[in-house]
Amino acid sequence: MKAIQELGDSIARAWLACDYADEAFPEIASRALRESALLQSTPQSELNQWFLTETYIPQQQFRDFGQPNLTLYRGHKFYIELLFWLDSTTAIHQHSFAGAFGVYRGSSLHTQYDFHCDRVISSELIVGDLAFRSSNLLKQGDVQEILPGNSYIHSLFHLDRPSITLVVRTHALSRTYPQYSYRRPGIGFDPFYKPEPFSTRLRLLEGLRNSSSEDFWDLTRELLSHCDPWMTFSLLGMAYVHEAGSAAREQLFEVARKRHGPITDMFLQSFEERNREGNIIARRQTIWDPEHRFFLALLLNLPDRRAIYQLITEKHPEADPEALVLRWISELSTA
């Protein structure tokens with residue numbers, strides 16, 4: 001497809017002119033996306049037909065990110081992919097690569113954060129303060145640079161179904177590992193860290209939990225008595241979703257407190273927040289109206305009423321934000 005080839009080749013030429021400097025890539029990628037016919041004027045039907053019927057397409061790589069993810073172009077040290085989003089929401093995360101993304105179809109609420117690290121517990125787990133920085137609406141044609149590392153921490157809540165993003169990115173940059181995800185109020189963890197045999201043991205415990213086996217509580221309690229903080233975070237996170245408020249669950253947290261102290265209560269706060277977020281995200285599975293999704297996105301990501309009203313006013317400048325909120329609540333309550 002001509003538009004894909006032109007976009008990829010223009011990036012390749014510009015990056016070569018900068019001697020493949022990593023720090024130059026976000027600006028090169030964002031400028032190319034803004035000028036690209038692929039982002040600005042290529043119909044989705046044309047792109048669908050090309051991908052499904054073209055004799056040669058680039059080698060694909062399945063990742064659990066996108067619904068689905070399509071690789072459109074592979075260049076030297078970078079590639080271009082299209083990510084479809086139906087009901088998924090990205091975690092709060094940073095990146096181990098550089099690049100840019102543009103909104104090809106749909107719209108999203110884009111929220112950025114700052115993380116101030118107080119303590120590095122291990123390379124897999126850090127704690128500190130996760131602070132809201134800003135939120136803005138991204139619509140078709142908007143482009144955002146992707147900076148590697150913790151200078152760019154963000155999340156996306158996709159409003160339209162589907163929303164489609166076009167991503168230009170380098171391969172992973174080793175100096176930016178780990179690629180942390182974050183949980184409120186201030187926990188950073190490496191979601192790709194899957195040590196063995198712990199990961200397989202965790203899956204066994206999940207099976208015991210889901211089958212309501214009493215062995216789950218006894219064996220989890222035994223493991224917690226000699227786990228490091230990252231393992232404790234993983235075990236408690238799995239146990240938290242089961243039997244809220246039960247004595248057995250509280251015993252697990254007591255074992256963890258005896259071993260690791262106050263950080264256990266920070267873990268608990270993060271699980272409570274994850275539960276709140278999960279309830280909002282679950283509602284979106286049955287809600288397709290973009291305005292209702294917009295309201296859920298505000299509840300999920302913005303820190304207070306003032307910030308919520310400010311963004312509603314930005315999207316609907318002629319409307320009373322409080323009246324809109326009341327209307328949306330009424331509509332959702334009867335949906």
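Helix axes in this tour are lines fitted to C-alpha atoms over the stretch in contact, and the angle between two of them runs from 0 to 180 degrees between N-to-C directions. The model is a predicted one.

**Stop 1: helix 6 and helix 8**

Select residues 215–224, which form helix 6, together with helix 8; the two pack at an angle of about 10°, and their axes are 9 Å apart. Since angles under 35 degrees count as roughly parallel, helix 6 and helix 8 are therefore roughly parallel to each other. Next, display the side chains at the contact. Helix 6 contributes Trp 217, Thr 220, Arg 221 and Leu 224, while helix 8 contributes Ala 248, Arg 249, Gln 251, Leu 252, Val 255 and Arg 259. Coloured by class, this contact of helix 6 with helix 8 shows five nonpolar, two polar and three charged residues.

**Stop 2: helix 7 and helix 8**

Keep helix 8 (residues 247–260) on screen and add helix 7 (residues 229–240): here the packing angle is about 165°, with the axes 10 Å apart. That makes helix 7 roughly antiparallel to helix 8. The crossing of helix 7 past helix 8 is left-handed. To view the contact, select Pro 229, Thr 232, Leu 236, Ala 239 and Tyr 240 in helix 7, and Arg 249, Leu 252, Phe 253, Ala 256 and His 260 in helix 8. By class, the contact of helix 7 with helix 8 comprises seven nonpolar, two polar and one charged residues.

Arg 249 and Leu 252 of helix 8 thus appear in the contact with helix 6 and also in the contact with helix 7.

**Stop 3: the aromatic rings**

Now select the aromatic side chains; the count comes to 19 aromatic pairs. Begin with Phe 216 and Trp 217, whose ring centres are 4.9 Å apart and whose planes stand at 75°, so this pair is edge-to-face. Phe 216 and Trp 217 are both buried. Trp 217 was already met at the contact of helix 6 with helix 8.

Move on to Phe 253 and Phe 271. Their ring centres are 6.3 Å apart with the planes at 65°, so this pair is edge-to-face. Phe 253 belongs to helix 8 and Phe 271 to helix 9 (residues 263–284), so the pair ties together parts that are 18 residues apart in sequence. Phe 253 and Phe 271 are each buried.

**Stop 4: the cluster**

Finally, extend the selection to Phe 189, Phe 233, Tyr 240, Phe 253, Phe 267 and Phe 271, which form one aromatic cluster. Two of its members, Tyr 240 of helix 7 and Phe 253 of helix 8, were selected at the second stop.

Key:
Residues are numbered from 1 along each chain as its sequence is written. This is a predicted model: local features need pLDDT of at least 70, side-chain atom pairs count only at pLDDT 80 or more; totals for chains, interfaces and linings use all residues. Side-chain values use heavy atoms; hydrogens and water are left out. Helices (H or I, at least four residues) and strands (E, at least two) are DSSP runs, numbered from the N terminus. Angles under 35 degrees count as roughly parallel, over 145 as roughly antiparallel, 65 to 115 as roughly perpendicular and the rest as oblique. A crossing is left-handed if the near helix is turned anticlockwise from the far one by less than a right angle, and right-handed if clockwise. Contact means heavy atoms within 4.5 Å. Ala, Val, Leu, Ile, Met, Phe, Trp, Tyr, Cys and Pro count as nonpolar, Asp, Glu, Lys and Arg as charged, and the others, Gly among them, as polar. Rings of Phe, Tyr and Trp (its six-membered ring) pair if their centres lie within 6.5 Å; planes under 30 degrees apart count as stacked, over 60 as edge-to-face and the rest as tilted. Buried means under 20% relative accessible area, exposed over 50%, partly exposed in between (1.4 Å probe, protein chains only).
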